[in-house]
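Reader: Could you take me through the enclosed spaces inside this protein, and what lines them?

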Amino acid sequence: MAETTPPASPSAAPGMGEAEVQHPPLRIAAFLFAGALIAISQSLGQGFLLANSGQIAGEIGATQTQAIWLTVAYMAPRASLPVLLIKIRTQYGLRRFAEVGILAYVVTALLGFFISDLQSAIAMELLAGIAAAPLSSLAFLYMLETLPTKAKLSVGLCGALTLIMLGSSLARVISPPLWELGGWQALKFFDLGMILLALPFILYLPLGHQPREKVISGKDLLSYALIAAGFAGITAVFAWGTVHWWAQTPWLGLVLAGSLAVLTLAAVIELGREAPLLDIRWLASPQILHLTAVLLLFRIVLSEQSTGAPGLFQSLGMGAWQLRGLFAVIVAASLAGGVACALAIGPKTVPLIHALALALIATGAFLDSQSTVLTRPTDLYLSQGMIAFAGAIFLPSAMAIGLMLALQKGPQYLLSFIIVFLSTQSLGGIIGSGLFRSFIRLRASHHGAALKEQLLAGDPAVTQLIAGLSRGLSTQTTDAGAMQAGAVQLIGSELTSQATVLAYNDAFLLLGAVASAALLLLLIHLAWLIRSRATGAEAPAQA
């Protein structure tokens with residue numbers, strides 16, 4: 001994971017330091033509060049769905065497998081719609097963009113109270129994903145709007161990203177008591193209340209904007225339709241791949257191939273246009289490609305926290321209440337990381353921040369890889385806190401580089417990069433989760449087979465174990481055959497738990513190795529940069 005050369009100082013960024021307007025402290029605080037409410041509201045909506053999909057399925061009379069379609073319906077438009085929002089904002093104005101976005105989210109939240117079955121739930125989550133898509137960019141814009149230039153890429157950027165990332169963990173902290181109060185309805189009430197708090201700020205604190213222009217054309221809609229289809233297909237494939245298994249379900253391969261084909265067609269169409277929906281040439285430049293790859297890889301590595309630790313404890317039979325403490329630690333560490341990043345971020349410190357983040361992730365993952373069937377959430381407080389802190393300092397500093405690259409191209413590219421960043425993070429989360437679960441399933445099968453070989457029926461130790469467990473079941477039945485069958489079942493259950501824990505340990509080791517390799521590449525690249533600069537400085541003196 002090589003690092004790009006640090007950009008120029010944020011204060012020198014074009015379009016951000018010209019004719020800067022000084023805003024009163026109260027106005028700055030109001031905009032920051034509005035941005036924080038929007039960021040937390042939209043991230044909580046997604047977090048509630050992901051954290052409670054099993055219980056939601058029960059309320060609407062669906063199976064947990066069928067509930068996967070709820071996640072697909074919500075995430076697909078979240079990943080693709082930001083691409084179209086660039087031109088929607090330009091043509092209809094930022095104020096209308098903000099008002100329609102927030103009102104659509106309120107209406108969608110109200111519709112959630114009328115869900116009665118799987119079909120209506122899928123339709124509602126699709127609308128929720130569409131309505132939530134503008135809110136992430138709105139959170140960024142409100143956090144950046146009134147801040148002084150020197151604070152935009154520190155307080156504004158770090159604050160917005162930290163709060164947007166916080167939703168999935170915060171949802172797992174507050175979901176259990178809310179669910180006991182009123183199930184999915186209580187979650188919807190809470191989400192609606194949060195967004196209603198933000199509504200008056202949006203209506204009475206308009207964002208500044210450039211003059212409107214008619215920029216949307218038929219080709220924009222065609223390109224977006226292709227991009228939306230491609231992103232939806234990728235989302236569905238990686239959500240269902242672990243359930244139906246990749247090699248055993250032909251439609252997964254067909255959908256994935258079709259998704260890549262339509263995305264390629266969209267790129268070809270965009271390359272031939274004078275006013276494209278996306279500037280493919282800029283996005284395909286080495287610096288942006290490198291940054292996008294880094295962000296995607298880091299998002300996949302962070303699946304250790306969103307999928308790994310919860311999955312491990314769920315496989316050990318622990319419920320939402322038992323995991324609240326762990327996610328409270330993750331929330332606290334994320335907030336601490338956001339504050340630390342805001343204080344430390346700068347052109348010269350970005351590489352050091354990335355090195356620290358990778359070191360923390362590698363250390364945390366290696367610590368998690370020592371888990372056993374006796375591991376409890378309190379045992380992972382330190383390691384998960386380290387990973388959460390790392391995520392909170394890495395993403396804002398990486399995005400700061402992208403924003404500076406966008407501003408060097410022109411101020412109009414600022415929102416474009418924000419939207420592309422949000423899309424890649426949504427897709428990266430889905431892809432990372434799918435790959436992680438697939439790896440767990442493969443390794444669990446491998447470890448299960450290996451453990452079964454060790455528990456041969458003829459092994460005296462196994463025979464003695466079965467006999468001991470049978471005697472333990474004598475209080476429940478006097479049938480010798482039933483006691484022996486029960487003992488074998490207990491052994492099988494224990495074997496499954498052991499194999500699953502070993503599989504998670506393998507995944508943690510792999511992610512730790514990936515983070516370590518990325519850290520090594522970063523350090524090598526930094527050493528090369530330092531040597532190149534030193535050589536360049538010495539060359540004139542030698543001449």
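Author: Here is a walk through the cavities, starting with the largest. Heads-up: this is a predicted model, where local features need pLDDT of at least 70, side-chain atom pairs count only at pLDDT 80 or more, and totals for chains, interfaces and linings use all residues. Residues are numbered from 1 along each chain as its sequence is written, and side-chain values use heavy atoms, with hydrogens and water left out.

A cavity here is a set of points, on a 1 Å grid over the protein atoms alone, where a 1.4 Å probe fits but cannot get out, and lining residues have an atom within 4 Å of a point. Points are joined across faces, edges and corners, and the volume is the space filled by probe spheres set on them. By that rule there are three cavities of 30 Å³ or more.

The largest cavity holds about 140 Å³ of space. Its lining has 14 residues, and Gly 45, Tyr 105, Ala 128, Lys 188 and Asp 191 lie nearest the centre. Helices (DSSP runs of H or I, at least four residues, numbered from the N terminus) H1 (25–51), H4 (94–111), H5 (118–145) and H6 (149–204) each give two or more residues to this lining, with H6 giving the largest share, four residues. Sorted by class (Ala, Val, Leu, Ile, Met, Phe, Trp, Tyr, Cys and Pro are nonpolar; Asp, Glu, Lys and Arg are charged; the others, Gly among them, are polar), that lining has nine nonpolar, two polar and three charged residues.

Now for the second largest cavity, with about 50 Å³ of space. Leu 283, Ile 288, Thr 292, Leu 295, Phe 417, Val 420, Phe 421 and Thr 424 line it. H15 supplies the largest share, four residues, and this lining has six nonpolar, two polar and no charged residues.

Methods
1 Å grid on protein atoms, 1.4 Å probe; cavity = no way out; pocket = protein on both sides within 12 Å on 5 of 7 lines; lining within 4 Å.
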